[in-house]
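Subject: Structure for your attention

Dear colleague,

I am passing on the structure we spoke of, and below it I set out what was found in it. Please read the notes with the structure open beside them.

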Amino acid sequence: MWILALQISKNSESVGLEDEVKDKMNEDKPGDSQNLACVFCRKNDDCPNKYGEKKTNEKWNLTVHYYCLLMSSGIWQRGKEEEGVYGFLIEDIRKEVNRASKLKCCICKKTGASIGCVAPRCKRSYHFPCGLQRECIFQFTGNFASFCWNHRPVQIITSNSYRESLPCTICLEFIEPIPTYSILRSPCCKNAWFHRECLQGQAINAGVFFFRCTICNNSDIFQKEMLRMGIHIPEKDASWELEENAYQELLQHYEHCDVRRCRCKEGRDYNVPDSKWEIKRCQCCGSSGTHLACSSLRSWEENWECLECRGIIYNSDFQKAKKHALPNSNVGITDCLLEESSPKLPRQSPGAQSKDLLRQGSKFRRDISTILIELGFQIKKKTKRLYINKANIWNSALDGFRNQSFNPSYAIEVAYVNENDNFGRERPGSKQEFLSLLMQHLENSSLFEGSLSKNLSLNSQALKENLYYEAGKMLAISLVHGGPSPGFFSKTLFNCLVYGPENTEPILDDVSDFDVAQIIIRINTATNMADLKSVINECYSYLEFIGCLRLITTLSDKSMLVKDILVYHVIKRVQAPFESFKQGLKTLGVLEKIQTYPEAFCSVLCHKPGNLSAKILSDLFTVHTLPDVQALGFWNSYLQAVEDGKSATTMEDILIFATGCSSIPPAGFKPTPSIECLHMDFPVGNKCNNCLAVPITNTYKEFQENMDFAIRNTLRLEKEESSHYVEH
């Protein structure tokens, strides 16, 4: 990660720098890092929450606080993260110490004030700890600006309608709801107030991915305002994410039979998969279970709720259960003790039933990115390297996923190899690019049929090789590991996964076979009995083969005949591929989440992502190095030109060039895409780090020509490299 500080002063001197640095050091032993003083503020305090991490470079006998270094006005990060101190080169630190030695702190009156107020004509300079004490504001974003107590940003409210004290929403201590340095208000929730110290502590623990408003859960608006007001939000995982096995208990499935009368002779904890003694968990809370036999469940696919959840769901506004008899049931009510499977809803048309189920689930609606991030908690730190040949993406992916050492919960590392390379060389690959290419291949494979919205096909060889299962597993892995969404499922396929094939009615658009579609159209458009019988006679052999011959007495009977043909061709014909595909989707618990949150998953399984815009890409890429103002201006102009169709490239081309993906994955990019401005002729995309380096040029015309040429030709060469292998 590149970190940016203010522009360096041009009049720094390099004479006697080494002596100057040594003069600023504490005279304790160099090895005793706890007592060494920071060369900038000259304090030996080791307080990461206030001053940032304290780090000592023993080779150069140099100690700094991270924030003191970061906020100094005349230095920037020119090295890599592992070079110097946090990427700040030793010679640059020496120059900055020498520059600061000539500046007196306006607070403590001592020299070494390396931080200056950025307000025009303000000449105040100070040490970082002194600035904190005097309530200066330091912005850990953009140009890493600092403001003295007279020029610091403030929060303005139009009128103070809060006459009484309100609690800090973090520590719950009462505070006066008046914006001050130590009291901050949420920009998205007007009744949410915080202590600055509480907010800073929460930001340090939560990190950029989890720091958000405690009331409405907003992150974008909230983080932007808190950064403006001087809250440091580190770009790291939350502290609870870094604990070893922090979520291990979430991976433990509940395995205990809780019904009032357990029939298992081996005990309530006895669990044998794929038998009547398999334990099924409550579909709502997941913290109660039953043996299939103990609740008269015919198969694992049936839903089951415990008594507590059923009382909430079926006896509240969420859903009113209707009393009705259980048909064809040989089990007495005293034997089941109200533990049988969930009451069935009155049969409706699939469309109405889907809407009704979505309406019932409105209280359980979740954002798809949040669901996928939670599923991602299963991913362990242990990595599995996949060797992928981009020209043979399908077979190399199959080999990797079928390897005995492969575990879907291991982090995936990709290495690209080339079969034509006699030296067996490999190069680092982008996981998101690999998953994106795999999803593209899967969409166009023979496992699916249809043009835009696809259903499963019937491929006997693929069924024999268990490829439908592998396809389901690949889709699940892509979603959980941060890959792109499929976006090509038909509504019929999706409804079969969520509500079951028996509750789904296919439509004519689901039929990709031209001859079958023509038969259905001719039957459906018959205007009299003579025409209808003529069509049936012509198609007699086909209708007999698929078991759809029926007695036709009136013209209205044609609708039932059409329905039978559709159900056979779209659902019954592919029953075996469907069951195999569904088993694959159970990988990492994805199918269970799809059935729990159908509305959220419908958006990524059945619909392609929306079109990219200049604003979306501009907001997506963050600047991590010293920006060239002109180059950044050219970059924004280039994005607008691409959006307006004035360039040979597209928004998707730019994203593929930088990340390997043509759309933003549902779970977002990791790491966050970044942009650099470098002195070079052409742009460079680093797909492993999602980093785009743009050239610094003299004119916009030169900038656009270089961008167009590099992006267009790079993507063309990559396409030609993999186009010679196409699997049908």
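Where does UniProt place the feature "active site"? The record, an unreviewed entry, puts this feature at Cys688. Please bear in mind throughout that what you have is a predicted model.

Cys688 and its sheet

Cys688 is found in the loop between S22 and S23, and with a relative accessibility of 35% this cysteine counts as partly exposed. Leaving out residues up to four places away in sequence, Cys688 touches Pro428, Gly429, Ser430 and Pro671.

The two strands on either side of that loop belong to an open sheet of 4 strands, which run in the order S20-S21-S23-S22 with mixed pairing. At the edges stand strand S20 (622–623) and strand S22 (684–686), and because each has a single partner strand, one side of each is left without a neighbour in the sheet. Strand S21 (residues 674–678) pairs with strand S23 (residues 691–695) in the parallel sense, over 5 bridges; within this pairing, Leu678 has Pro695 of S23 as its bridge partner.

Nonpolar cores

The largest nonpolar core holds 77 residues, and those that touch the most other members are Phe401, Phe434, Leu447, Phe489, Ile565, Phe581 and Phe601. Helix H15 (residues 467–480) gives this core its largest share, namely 9 residues. If neighbours within four places in sequence are set aside, the contacts of Phe581 are Phe448, Leu456, Tyr468, Tyr469, Ala471, Gly472, Leu475, Phe489 and Leu497. Another core lies apart from this one and has 36 residues, among them Met71, Ile75, Tyr126 and Ile204.

Salt bridges

Side chains of opposite charge can pair when their charged atoms come close. In this model the count comes to 18 salt bridges, and three pairs are described here one by one.

The pair of Arg99 and Glu96 has its closest N and O atoms 2.7 Å apart. Both residues lie in helix H4 (residues 90–100), with their positions 3 residues apart in the numbering, or about one turn of the helix, and both Arg99 and Glu96 are buried.

For Arg152 and Glu135, the closest N and O atoms of the salt bridge are 3.5 Å apart. This pair links distant parts of the chain, 17 residues apart, since Arg152 sits in the loop between strand S6 (146–147) and strand S7 (166–167), while Glu135 sits in the loop between helix H5 (128–133) and strand S5 (137–138). Arg152 is partly exposed at a relative accessible area of 23%, and Glu135 is likewise partly exposed, at 33%.

Lys563 forms a salt bridge with Glu505, and here the closest N and O atoms are 3.5 Å apart. Because Lys563 belongs to helix H20 (residues 558–571) and Glu505 to the loop between helix H16 (491–499) and helix H17 (514–524), the pair ties together parts that are 58 residues apart in sequence. Lys563, with a relative accessible area of 32%, is partly exposed, and Glu505 counts as partly exposed at 37% relative accessibility. Elsewhere, Arg385, Glu413 and Glu426 are joined into one network by salt bridges that share partners.

With kind regards

Definitions and conventions: Residues numbered from 1 in each chain as written. Predicted model: local features only at pLDDT ≥ 70, side-chain atom pairs only at ≥ 80, totals over all residues. Heavy atoms only, no water. Salt bridge = Lys/Arg side-chain N within 4 Å of Asp/Glu carboxyl O. Buried < 20%, exposed > 50% of the residue type's maximum accessible area, 1.4 Å probe, protein only. Pairing = 2+ DSSP bridges. UniProt positions renumbered as here; feature names shortened; annotations may be inferred. Contact = heavy atoms within 4.5 Å. Core = buried A, V, L, I, M, F, W, Y, C linked by side-chain atoms within 4.5 Å.
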